[in-house]
Amino acid sequence: MDVARRLVIEGASVRVVMTEAACRFITPYTLETVTANPVGSDLFKDPFSHLNLPGDAHLLLIAPATANTINKLNCGIADNLLSNIFLAYSGKTIIAPAMNSRMYENQIVRKSIRNLLKSGIEFVGPVSGSLACGDEGVGRMADITDVVESVISAMTQKDLTGHKIIVTAGPTREYIDSVRFISNRSSGRMGYEIARAAVRRGAEVTLVSGPSTLKPPDRVTYLPVESASEMEDMVLKNLRGSNALIMAAAVSDFSPSSSKGSKIKKSDITSIRLKRTSDILRKAGGLKGRRILIGFAAETGKNLENARKKLKEKNLDMIVLNDISQKDSGFDVDTNIVTIINKEGEATDYPKMKKIDVANVILDSMFTLLPR
Ligand code: CTP
């Protein structure tokens with residue numbers, strides 16, 4: 001039910017098919033309410049429901065899929081509405097298994113999954129955790145977020161396949177002593193959404209992230225760092241094998257001139273001397289080659305001239321200006337209001353959008369610059 005609800009929130013039109021067993025756990029009426037669509041469960045209500053119900057659906061998701069259903073699908077048995085639809089449907093299918101761990105480990109189930117994988121069916125999960133019966137083990141349905149992500153990803157055009165992109169995200173921490181540090185308000189959200197969108201579009205993504213509470217998107221190479229200097233090392237190390245670098249991180253511009261390994265007594269501190277950190281993007285700009293470099297310009301106010309200056313000085317192909325003084329834009333919010341400036345200095349304004357949509361707009365602009 002939660003999967004259906006989340007897909008509806010993501011903008012999908014969802015038609016639910018329930019097996020007899022599913023109807024014992026939850027009523028069709030509940031799913032009709034969640035999806036605002038009729039639920040199919042009876043094979044004999046309409047002689048062509050197995051053809052009519054999927055209609056022109058973009059995808060078939062079977063979640064949760066029991067051992068019984070998986071084994072039946074593998075054998076081509078069509079004895080209920082779901083298994084008939086599976087046989088008649090020629091589009092993309094994703095299965096999210098959920099069963100007891102001993103059933104999941106059973107050789108018959110393993111063989112069915114192997115065969116279905118071979119025939120192009122995609123699987124998400126199962127994962128390890130506590131199971132309905134109280135046992136612990138592998139068999140639990142994948143997290144709702146991961147199931148929904150697999151659906152969105154399967155339906156996204158793979159226009160970035162073959163491209164290797166480094167994305168940086170989050171703040172950095174510059175330690176004063178073992179417990180105190182200088183940082184900023186960045187949550188990492190913009191960079192994580194760029195990484196997520198790029199992976200969905202088929203890119204190979206390396207996410208170099210400062211400290212963040214966010215869960216890294218699936219299928220990225222996640223490289224956590226803390227300080228600006230660690231981020232610099234990690235970015236420069238990975239730059240060689242990449243086609244593009246998108247620096248969404250809010251890198252600290254200063255770090256303490258000296259840092260203590262133990263906690264400094266307050267009576268021993270009257271002031272903190274700072275030194276400038278090195279500018280990672282500027283360094284990458286010096287090593288640019290044919291790579292595409294995209295920076296962000298966090299400005300208080302829509303300061304186009306400052307952003308153009310950064311674009312030029314750091315040898316970038318594009319800079320994303322975000323006015324952090326506006327409500328719903330910049331740090332620690334789900335939306336952003338950006339202006340994208342290209343290499344020629346031309347600026348395009350975008351309205352307030354969710355960060356995932358801003359991410360796709362940035363990737364669309366990057367796509368036009370990629371070699372074909
Ligand atoms: N950046 C970087 N290394 C730094 C500081 C910033 O790579 N030490 C990158 C950011 O990730 C961003 C771009 O440079 O993509 C611009 O960052 P911003 O903070 O807007 O500007 P600064 O160059 O730091 O200049 P200022 O603070 O004076 O606005």
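Helices (H or I, at least four residues) and strands (E, at least two) are DSSP runs, numbered from the N terminus. This is a predicted model, in which local features need pLDDT of at least 70 and side-chain atom pairs count only at pLDDT 80 or more, while totals for chains, interfaces and linings use all residues. Residues are numbered from 1 along each chain as its sequence is written, and side-chain values use heavy atoms, with hydrogens and water left out.

Start with the ligand. Its shell holds 16 residues, and the closest are Met247, Ala249, Phe296, Lys310 and Lys314; a residue is near if one of its heavy atoms lies within 4 Å. Helix 12 (280-286) and strand 14 (292-299) each give at least two residues to this shell, and strand 14 has the largest share, with four residues.

Backbone atoms make polar contacts here (pairs of N or O atoms within 3.5 Å). Ligand oxygen atoms sit 2.8 Å from a polar backbone atom of Ala249 and 3.0 Å from one of Ala298. A ligand nitrogen, in turn, lies 3.1 Å from a backbone N or O atom of Ile280.

As for the surroundings, the ligand takes up the space of the second largest pocket; to sit there, more than half of a molecule's atoms must lie within 2 Å of the grid points. A pocket is an open set of points on a 1 Å grid over the protein atoms alone, where a 1.4 Å probe fits, with protein on both sides within 12 Å along at least five of seven lines; lining residues have an atom within 4 Å of a point. Helix 10 (189-200), strand 13 (274-276), helix 12 and strand 14 each supply at least two lining residues.

Methods. Polar contact = N/O pair within 3.5 Å; in protein donor to acceptor, adjacent residues only side chain to side chain.
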